[in-house]
Amino acid sequence: METLNNIVLTIQHYLADYILIFMLLGGGIWFTVRLRFIQVRHLGTGLKQTFGGLFSKKGEAGADGMSSFQALATAIAAQVGTGNIAGAATALAIGGPGAIFWMWIAAFLGMATIFAEAIMAQKYRQVGKDGVITGGPVYYIRAAFTGNFGKFLAALFSILLIFALGFMGNAVQSNSIAASFHTAFGIPQPVMGIIVAVIALFVFMGGMKRIAKVTELIVPIMAALYIVGSLIVILYNFKNIPYAFYSIVVGAFNPSAVSGGAVGATIMLALTKGVARGLFSNEAGMGSTPHAHAVAKVNHPVEQGFMAMAGVFIDTFIVLTMTALVIVTTKSIPSGKTGAELSQYAFSTLYGKGGDIFIAICMLFFAFSTIIGWYFFGEANIKYLFGPKAVKVYAVLVAVCVVLGSLAQVDLVWNMADCFNSMMVIPNIIGLFALSGMIKKVHDDYFNNFLKNK
């Protein structure tokens, strides 16, 4: 078992620190230039649509799809997960405050990539045998490569996603909930796992409509709760806010110049950890969120592309940055802690034991919403591989993984989830590059034709 774990760690190291940084940053730069800095020109449009959808009841999800806001809420449910609490803290502990700067760069470029993913998911979505709209990378990969290579690449992506997110990923999320509640309230981890699994299974069995309703309700609440709780800590330490931004910017290029930073941090560590954690927090380029954006009811694919960009902005520039500022303004990095423990320590500097409770509640919201989102993404691929009849079996298997994940942290499961996550990126990015001309065509059609005839 230890030998297998070491092999998985080695593969993940080369994927995350070399191949994926090249592919994801390269893809982000390519689509940023090809789409004429779409994330600068129209991020405001996406944010306006997002906050407009928050207070609008128009376009409720039917049996076959979701409203544009519900699709975004489902995407954000998956994006804003434990990575925003534990992932940001890990990057800070290893790469220092400068890692956050590179997270911002990754998110900026990732907004162009996720725009491309969303509009391709919209263009190539299909109506399944059960009459429900479905879509995602498997469909645009098949459109990009019509032969056997396309079939292989799409099937590979499906299998990787089902295991990475549906099974192992959701076990990891469940473990985060169970561990944090055990720390805060003393609840036995298996008990918490069973509770989460039962509630999750209830949501799964309600289909797309129930998933949409749950994410639409949970996402605004969890984001508001975490932002307010974080702002209180940041404002309490307001004298350290200038230091925080100084250390983030300077630490990106000269980590040794930042006092109280991570021991041994280098520019390469700040860059690799910041980019890797940032990309897996906002999921741009991973091929996960297109499953949600595909089913949105919009008048033109580009409209959902704007919403997808807003999702990355909310995930990284708002929620993840809150975690970073809490940790840096409380000067918690030298504590020697990492992951969720570092976040808990930072919040406890103001809230005391309440810091553990606050993180536990946020973990519940973040991880449970991610379980719902990742289940939905896996369901689309189960349908692609096995048809609608396999969905109920898949739902039960995910619930079992949620229970098993709560029992104990198994390093091999966590590391395999990361590794499969990384491997998902490769077929997705290959498909997007192959469709680069079509992405530009759909983009141009919106601005040159659709808007003029609207």
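Which residues is T323 in contact with, leaving aside its neighbours within four places in sequence? Select T323 and find out.

**Before you start.** This is a predicted model, where local features need pLDDT of at least 70, side-chain atom pairs count only at pLDDT 80 or more, and totals for chains, interfaces and linings use all residues. Residues are numbered from 1 along each chain as its sequence is written, and side-chain values use heavy atoms, with hydrogens and water left out.

**Stop 1: T323.** Show helix α14, residues 301-329; T323 sits in it. Helices here are DSSP runs of H or I, at least four residues, numbered from the N terminus. Now add N84, I85, A88, Y226 and S343: T323 is in contact with these, its neighbours within four places in sequence left aside. Contact means heavy atoms within 4.5 Å. T323 counts as buried, at 1% relative accessibility. Buried means under 20% relative accessible area, with a 1.4 Å probe and protein chains only.

**Stop 2: H42.** Go to the loop between α2 (38-41) and α3 (43-54), where H42 lies. H42 is buried too, with a relative accessible area of 17%. Select F306, M309 and F447; H42 is in contact with them, leaving aside its neighbours within four places in sequence. Then pick T45. Its side chain and that of H42 share a polar contact of 3.0 Å. (A polar contact is a pair of N or O atoms within 3.5 Å; within protein, one must be able to donate a hydrogen and the other to accept it, and residues adjacent in sequence count only if both atoms are side-chain atoms.)

**Stop 3: the cysteines.** How many disulfides does the structure hold? Zero. A disulfide is a pair of cysteine sulfur atoms within 2.5 Å. Select C401 and C419. Why is C419 unbonded? Because its closest cysteine sulfur, in C401, is 18 Å away, too far for a bond. C401 is buried at 19% relative accessible area, and C419 is buried at 4%.

**Stop 4: the largest pocket.** It holds about 1,400 Å³ of space. Of its 48 lining residues, select A86, T90, R277, W414 and D418, the closest to its centre. (On a 1 Å grid over the protein atoms alone, a pocket is an open set of points where a 1.4 Å probe fits, with protein on both sides within 12 Å along at least five of seven lines; lining residues have an atom within 4 Å of a point.) Finish on α8 (148-185). This helix gives the most to the lining, with 10 residues.

Notes:
Helices (H or I, at least four residues) and strands (E, at least two) are DSSP runs, numbered from the N terminus. Buried means under 20% relative accessible area, exposed over 50%, partly exposed in between (1.4 Å probe, protein chains only). Grid points are joined across faces, edges and corners, and a volume is the space filled by probe spheres set on the points.
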